[in-house]
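Hi there,

Here is the structure I promised to pass on to you. Have a look at it first, and then read my notes below.

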Amino acid sequence: MNAAFDLVVRHARIATASECYAADIGVRGGQIVQIGAQLGAGMREIDAQGRVVTPGGVDAHCHLDQPMAPPVRMADDFDTGTRSAACGGTTTVIPFAAQAKGQSLRAAVADYHHRADGKAHVDYAFHLIVSDPTPEVLQHELPQLIAEGYTSFKIYMTYDDLKLDDGQILDVLSVAREHGAMAMVHAENADCIEWLTKRLEAAGRTAPRFHAHARPMLVEREATHRAIALSELVDVPILIVHVSGREAVEQIRWGRAHGLQIFAETCPQYLFLTAEDLGLDDSYQGARCICSPPPRDASNQDVIWNGLRDGLFTVFSSDHAPFNFDGTEGKKPGGQEQPFRHIPNGIPGLETRMPLLYSEGVLGGRITLEKFVELTATNPAKAYGLHPRKGSISVGADADLVIWEEGERVIRNADLHHAVDHTPYEGRRLRAWPAITLSRGEVVWDGQFHPRRGQGQFLHCQPPSLWPRR
Ligand code: DUC
Ligand code: ZN
Ligand code: ZN
């Protein structure tokens, strides 16, 4: 057979960030080469039967095999993490090459490549984490790495081993401005958290649920406001990550109303969990849902939904930070139940991010399909310099596609493909799940996982394209 295409996806109801329409998708060499009605034959054909087809998800905030202080260790590496991503409709992940204090940024990147090499089932890029902005880092390493395709970095306002002071943040933001990078900010006030934590400890309040008491919205509000002020001073856009509720949202709206380019990310845990998931009593079970910022309450979930709908949020990421509940390396470091201060922060979410938002956002009538695509794929690709190769269904783009299937499904950790021993969403009902995930034209998920270990490519990123270049 003299086929025009390697693959044709027929009768697709294509959803992009701007429109929905019916067409066939022709794929050759892993790329979309034609979109239209009644395309010629493909070597392989998939009949989408009028189902919704979206771009593969871009999860622009996840942690995989990130070095931790022993005995803590992440449960997912690039093998299990990208496996889980593929089965949940995500075809690009952007985890973090984290600089330890005293380490060169280059060494952190080299180490992280070593961790990823030969393991990924889908494509990946790296953000940097800058924790030690020495003159060498600011003047040489960071600018060179940005030029080489590491065009985004995260900075922390909390966590002793990562946090920067305001002067350091200004220095790092200046590099982002000069070299056209995206600065992501973890906005929580470290000193307030420490002060509150000590008081809780002195009162014997160390159970998991007190994690949320040590990180009230005020500490996120103050740091968000400060981050916005610092970005204004330097005159550079920033993206506030994992925004949890009303108070940070108000600060971002304030910044935007003053003409500042403040972008924002939120995550499933702020839509589907509340502080009550950290425990109503002193049970240790709540350790599973410890993450920072902590989940808030139902009224704050509504604020986050509104922000997703009205454009306050630019991207929707998982903040997948995979720690087992049982064992010695995760939520019980050394095998012991620990005071909340010592419980690793983070919950798994790579595989459930897209289906949760599709189910409750799109099929729940809260956001449009176009908005879903924008938040889960197109905008993250733009924010981190991967668009239009990723995050779009267009000629020339990679054939990273998800064909959706509507129907009830219950989340069970036993059915997920990460290496974590729990999901915070156990038992939750979904209204849709990816039927097929294609990564550069190859089926990685069709109800069964089809391994492509080592086929996932490292992606060099362009500067962000969310705002015009200077
Ligand atoms: N918070 C973070 O800042 N990173 C990883 C997970 C978390 O809860
Ligand atoms: Zn963070
Ligand atoms: Zn994170």
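Before the notes, one definition: buried means under 20% relative accessible area, exposed means over 50%, and partly exposed is in between, with a 1.4 Å probe and protein chains only. Please keep in mind that this is a predicted model, where local features need pLDDT of at least 70, side-chain atom pairs count only at pLDDT 80 or more, and totals for chains, interfaces and linings use all residues. Residues are numbered from 1 along each chain as its sequence is written, chains are lettered from A and ligands numbered from 1 in the order in which they are written, and side-chain values use heavy atoms, with hydrogens and water left out.

Let me start with the domains. The protein chain is divided into domain 1 (5-55 + 392-410 + 430-445) and domain 2 (57-383); the bounds come from an automatic or database domain assignment. Their C-alpha centres lie 30 Å apart. Domain 1 and domain 2 each bring 26 residues to the contact, where contact means heavy atoms within 4.5 Å.

How much area is buried between domain 1 and domain 2? It is about 2100 Å², and carbon and sulfur atoms give 65% of that. Buried area here is the accessible area (1.4 Å probe) that two parts lose on being put together, summed over both. On the domain 1 side, Ala17, Trp404 and Arg431 lose the most area to domain 2, together 26% of what that side buries.

Between the two domains there are 2 salt bridges, a salt bridge being a side-chain nitrogen of Lys or Arg within 4 Å of a carboxyl oxygen of Asp or Glu. Arg431 also appears in a salt bridge with Glu360, at 3.7 Å from N to O. Across the interface, 7 residue pairs are in polar contact, both residues at pLDDT 80 or more. A polar contact is a pair of N or O atoms within 3.5 Å; within protein, one must be able to donate a hydrogen and the other to accept it, and residues adjacent in sequence count only if both atoms are side-chain atoms.

Several strands supply at least two residues each to the side of domain 1 that touches domain 2, among them S1 (5-15), S16 (401-410) and S17 (429-439). S17 gives the most, with 8 residues. Helices (H or I, at least four residues) and strands (E, at least two) are DSSP runs, numbered from the N terminus.

Now for the salt bridges of the whole model, where the count comes to 33. Asp65 pairs with Arg115, the closest N and O atoms being 3.1 Å apart. Asp65 lies in the loop between strand S6 (57-59) and helix H1 (78-87) and Arg115 in helix H2 (residues 105-116), so this pair ties together parts that are 50 residues apart in sequence. Asp65 is buried, at 14% relative accessible area, whereas Arg115 is partly exposed at 21%. Arg115 also forms a salt bridge with Asp111, with closest N and O atoms 2.8 Å apart. Asp111 and Arg115 are 4 residues apart in helix H2, so about one helical turn separates them.

Another pair is Arg296 and Glu220, at 3.0 Å from N to O. This salt bridge links distant parts of the chain, 76 residues apart: Arg296 is in the loop between helix H9 (269-272) and helix H10 (298-310), and Glu220 is in helix H7 (residues 217-234). Both Arg296 and Glu220 are buried. There is also a network of salt bridges that links Asp123, Arg389, Lys390, Asp398, Asp400 and Arg440.

Arg440 has a backbone feature too: its phi is near 45 degrees, a positive value in a residue other than glycine. Arg440 sits in the loop between S17 and S18 and counts as buried at 14% relative accessibility. Tyr159 likewise has a positive phi, near 80 degrees.

Which peptide bonds are cis? The one from Pro70 to Pro71 is, with omega near 5 degrees, and so is the one from Ser292 to Pro293, with omega near -10 degrees. Pro71 is found in the loop between S6 and H1, and Pro293 in the loop between H9 and H10.

Best wishes
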